[in-house]
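Student: Could you take a close look at the charged pairs in this model for me, and then follow the chain from there into the sheet? I would like one connected account that I can check against the coordinates.

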Amino acid sequence: MPSALKLVDMSDETITENTIAINSQHKDERLKFLMAKLVQHLHDFARETRLTTDEWYAGIEFLTATGKMCSDIRQEFVLLSDVLGLSVLVDGLSHPKPKEATVGTLLGPFHTHDAEDKQEGDSICSKDLGEPLLIEGILTDTKGNPIPDAKIDLWHCDANGLYDTQYEDREHPDMRGIFTTKEDGSFVIKASKPVPYAIPHDGPVGKMLQKINRHPYRPAHIHFIIEKPGYDKLITALYLRGDKYEFSDAVFGVKSDLVFDLEPLGAERAAQHGMKAEDWYLNWDFRIITEQEATDLVTSKNVEALKKSGENLVLNQDGLPVYAPLD
């Protein structure tokens with residue numbers, strides 16, 4: 001359908017307002033806001049940097065190569081988001097936590113949807129790759145009430161610094177599993193001591209890191225997704241204190257509240273769980289919030305952001321900012 005919108009004579013000064021106007025001929029107010037901000041910031045970037053045609057085309061080639069590297073088990077665009085700090089930022093904006101709750105961090109590119117259900121005390125490691133680790137803890141709300149029947153999906157790399165999806169002969173999930181909390185909110189998991197590793201750096205993202213003199217390494221950590229209906233899904237990870245890369249994580253995932261210490265399992269626990277006294281032990285309790293608490297917190301944070309913006313914005317029915325309707 002031909003548009004009735006008349007564009008202003010095109011120039012470096014008018015291209016932004018023209019683009020925003022032509023993109024705004026629909027009724028989705030949130031999309032209208034997102035597209036306007038995207039165009040505004042992209043155009044401001046070009047103007048501020050005096051972006052050249054050669055640089056623009058190099059960026060296009062980089063994004064094209066990034067897309068070609070994506071597959072069912074590798075998401076190079078997620079990796080790009082990670083190394084630019086965007087993934088951690090978006091998680092923080094979408095899932096803010098009160099100080100009483102376990103904080104979240106980025107998902108990372110290695111989560112899969114084929115992890116197998118495990119029973120209490122089962123090991124997620126089918127291969128003898130790593131030093132055995134026993135993980136115990138309790139899942140509660142922020143008031144300390146135990147949360148039973150919650151799903152704990154965890155995964156980490158093996159002693160070679162590789163995830164199962166990085167092996168060409170992968171036949172089934174390994175170094176990952178899904179556990180269910182008991183009536184008292186407790187869980188017992190056998191894993192292995194995590195080690196530092198390099199993110200995939202054989203593609204365009206890795207070449208970018210090399211170009212700007214950044215290393216591709218992550219500190220030793222274990223990923224967790226904790227879910228139960230009625231509660232806000234927690235995506236987080238725990239990081240080993242003292243790791244060489246604790247303060248230079250390639251994807252900015254480390255937060256001080258997520259750093260853990262290990263201790264030897266000891267003879268008594270080892271006998272109870274069929275392990276060795278010199279194996280490792282991690283005790284960690286998780287605290288999650290309800291969906292309503294999460295919604296209320298996101299809304300309050302967004303209201304604060306609107307007040308500071310100085311723009312004529314309001315929150316839509318989802319609690320997200322949009323342009324205020326014109327009188």
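Tutor: Let's begin with aspartate 202, which is exposed in this predicted model, at a relative accessible area of 55%. Its side chain meets that of arginine 74 in a salt bridge, at 2.8 Å from N to O. Arginine 74 sits in the loop between helix H3 (53-69) and helix H4 (76-83), while aspartate 202 belongs to the loop between strand S5 (197-198) and helix H6 (204-211), so the pair ties together parts that are 128 residues apart in sequence. Unlike aspartate 202, which is exposed, arginine 74 is buried, at 17% relative accessible area. Arginine 74 also has a salt bridge with glutamate 76, with 2.9 Å between the closest N and O atoms, and glutamate 76 is buried at 0%.

The search of the whole structure finds 14 salt bridges. Another one joins lysine 182 to glutamate 120, the closest N and O atoms being 3.2 Å apart. This pair too links distant parts of the chain, 62 residues apart: lysine 182 is in the loop between S3 and strand S4 (186-192), and glutamate 120 in the loop between helix H5 (86-94) and strand S1 (132-140). Both ends are partly exposed, with lysine 182 at 37% relative accessibility and glutamate 120 at 46%. There is also a network of salt bridges that links Asp114, Asp164, Arg170 and Arg176.

Now to the sheet. It is open, has five strands in the order S3-S2-S7-S8-S9, and its pairing is mixed. S3 (176-180) and S9 stand at the edges with a single partner strand each, so one side of each has no neighbour in the sheet. Just before S3 in the chain, methionine 175 lies in the loop that runs from strand S2 (151-155) to S3. Methionine 175 has a phi near 60°, positive although the residue is not a glycine, and it is buried at 1% relative accessible area.

Further along the sheet order, S2 pairs with S7 in the antiparallel sense over five bridges, and lysine 151 stands opposite glutamate 227 of S7. Strand S7 (residues 221-227) is largely enclosed by the rest of the structure, since six of its seven residues are buried. S7 is joined to S8 by six bridges, again antiparallel. These two strands form a hairpin with six residues between them, and glycine 230 in the turn has a positive phi of about 95°.

Tyrosine 239 of S8 is a handy landmark. It is the bridge partner of histidine 221, and it also stands opposite valine 259 in S9. S8 and S9 run parallel and are joined by two bridges.

Threonine 236 is in S8 as well, and it counts as buried at 1% relative accessibility. A polar atom of its side chain lies 2.8 Å from the backbone oxygen of valine 103. Beyond its neighbours within four places in sequence, threonine 236 contacts several residues, among them Thr102, Gly104, Ile222, Phe224, Leu258 and Phe286.

The loop that follows S8 brings us back to charge. Glutamate 246 is located there, between strand S8 (234-240) and strand S9 (259-260). Which side chain of opposite charge is nearest to glutamate 246? The nearest is arginine 241, at 5.1 Å. A salt bridge here requires a nitrogen-oxygen distance within 4 Å, and glutamate 246 has none despite being buried. Its side chain does reach the backbone nitrogen of glycine 242, at 2.8 Å. Leaving out residues up to four places away in sequence, glutamate 246 touches Pro219, Leu240, Arg241, Val254 and Val259.

Phenylalanine 252 is placed in the loop between S8 and S9 too. It has a positive phi of about 65° without being a glycine. Compare this with methionine 175, which is buried: phenylalanine 252 counts as partly exposed, at 41% relative accessibility.

Definitions and conventions:
Residues are numbered from 1 along each chain as its sequence is written. This is a predicted model: local features need pLDDT of at least 70, side-chain atom pairs count only at pLDDT 80 or more; totals for chains, interfaces and linings use all residues. Side-chain values use heavy atoms; hydrogens and water are left out. Helices (H or I, at least four residues) and strands (E, at least two) are DSSP runs, numbered from the N terminus. Buried means under 20% relative accessible area, exposed over 50%, partly exposed in between (1.4 Å probe, protein chains only). Lys and Arg count as positive and Asp and Glu as negative; His and the chain ends are not counted. A polar contact is a pair of N or O atoms within 3.5 Å; within protein, one must be able to donate a hydrogen and the other to accept it, and residues adjacent in sequence count only if both atoms are side-chain atoms. Contact means heavy atoms within 4.5 Å. Two strands pair if DSSP finds at least two bridges between them.
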